[in-house]
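Here are my notes on the model, point by point. Please read them with the structure open.

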Amino acid sequence: MSTSSGCGCSRATPDASGNLALDLEARFNCVSKVPLFRDLPIQERRSIASRITARVVSRGEVVQAQGAMPALQIVHAGQVKQVRLAPDGSQRLLRILGPGEFMGEHSVLTGSPAPRMATALTDVQVCVLSRLDVQQWLDQRPQMAVNMLQAVTRRLEETEAQLASLADRTVTQRLGDYLLSASDGLVGYPFELPVSKKDLASLIGTTPETLSRRLRSLSDRGALALGSGRHITILDQELLAAD
């Protein structure tokens, strides 16, 4: 596996399993990025960091298989996409995770296998905590249990918002919402889509062909300018929001 990338991943060489020998300070920094642990006393965060296993996963490779054993995985560097696999083998993109975000909380709480697959959008570095360790900390630290429940609640709210958007807003409106979010609302400044157009189509609930037609239509009406590759410039927010 390659460990060189623009993600800020360590250049240390992982072993045959992809595990990386991060020093305690690097693992402490990984833990401290996560809202789940951020408010814990320093010594408790260092205790958690001492139990972490760090891994490097190359772009395009699987970070977490659907059906994998429960574990809490924290993205330390790079980007990961979570997808749900359908019986026919198709994928539904659920979310993009960046540094400080984590996955596996559902499995850690329930003990069930991972319900989603995660793959690396870039070379990524993840910090892994076993379900047993997390369960022990949840039992001993009520605030951490509260933080975990809040994280699960936020994920459920995000899912409900996605479902409501699919029902209430058109493809063009959902596309406009996504582009405004991805560009941080900036007009006149080019930005690069963080995902492929195929993944973007999945995220907003349409097909790649329909997405391409909507992008061309928005470009023709002057709402945005299409650059090379994934580069886009928003030119007019009102036109972008109009259907």
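**Notes on the fold, the sheets and two helices**

1. Strand pair β2 and β9. Start with one residue pair: Arg55 stands opposite Val126 in β9. The setting is the pairing of strand β2 (residues 53-57) with β9, which is antiparallel and spans five bridges. Bear in mind throughout that this is a predicted model.

2. Strand β9, other partner. Strand β4 (residues 71-77) also runs antiparallel to β9, and six bridges join the two. Here Gln125 in β9 is the bridge partner of Ala77. Strands in a sheet pair through backbone hydrogen bonds, in either a parallel or an antiparallel sense.

3. Burial of β9. How many of the seven residues of β9 are buried? The count is six, so to speak of the strand (residues 124-130) as mostly covered is fair.

4. Overall content. The chain has 10 helices and 12 strands. Of its 243 residues, 44% are buried. Take the contacts with a separation of 6 or more: 66% of them link residues 24 or more positions apart.

5. The four-stranded sheet. This sheet is open, and its strand order is β3-β8-β5-β6, with antiparallel pairing. The edge positions belong to β3 (62-64) and β6 (91-97); each has a single partner strand, so one side of each lacks a neighbour in the sheet. From one strand to the next, the twist averages 35°.

6. Inside that sheet. Strand β5 (residues 80-85) is joined to β6 by six bridges, and the two run antiparallel. A pair to check by eye is Gln82 with its bridge partner in β6, Arg95.

7. Helix α5, buried side. Which residues of helix α5 (residues 131-140) are buried? They are Asp133, Val134, Trp137 and Leu138. These residues lie on the same side of α5, because they cover an arc of only 135° around the axis.

8. Helix α5, other face. Turned away from the buried side of α5 is a face that carries the exposed residues Leu132, Asp139 and Gln140. Leu132 deserves a look. It counts as exposed because its relative accessibility is 58%, above the 50% cut-off. Between the C-alpha atoms of Leu132 and Gly111 the distance is 9.8 Å, and the two residues are 21 apart in sequence.

9. Helices α7 and α9. How do these two meet, and at what angle do they cross? The axes of α7 and helix α9 (residues 208-220) come within 10 Å and cross at roughly 75°. That angle falls in the range from 65 to 115 degrees, and α7 and α9 are therefore roughly perpendicular to each other.

10. Residues at the crossing. From α7, the contact involves Val171, Thr172, Leu175 and Leu179. From α9, the residues met are Thr210, Leu211, Arg214, Leu215 and Leu218.

11. Thr172 at the crossing. Is Thr172 buried or exposed? Thr172 counts as buried because its relative accessibility is 4%, and the cut-off for burial is under 20%. The residue sits in helix α7 (residues 171-182). Its side chain makes a polar contact of 3.1 Å with that of Arg214. Arg214 is one of the α9 residues that α7 meets. Please view this pair together with the helix crossing.

Methods: Residues are numbered from 1 along each chain as its sequence is written. This is a predicted model: local features need pLDDT of at least 70, side-chain atom pairs count only at pLDDT 80 or more; totals for chains, interfaces and linings use all residues. Side-chain values use heavy atoms; hydrogens and water are left out. Buried means under 20% relative accessible area, exposed over 50%, partly exposed in between (1.4 Å probe, protein chains only). A polar contact is a pair of N or O atoms within 3.5 Å; within protein, one must be able to donate a hydrogen and the other to accept it, and residues adjacent in sequence count only if both atoms are side-chain atoms. Two strands pair if DSSP finds at least two bridges between them. The arc is that of the directions from the helix axis to the C-beta atoms. Axes are lines fitted to C-alpha atoms, for helices over the stretch in contact, and angles run from 0 to 180 degrees between N-to-C directions. Angles under 35 degrees count as roughly parallel, over 145 as roughly antiparallel, 65 to 115 as roughly perpendicular and the rest as oblique. Contact means heavy atoms within 4.5 Å.
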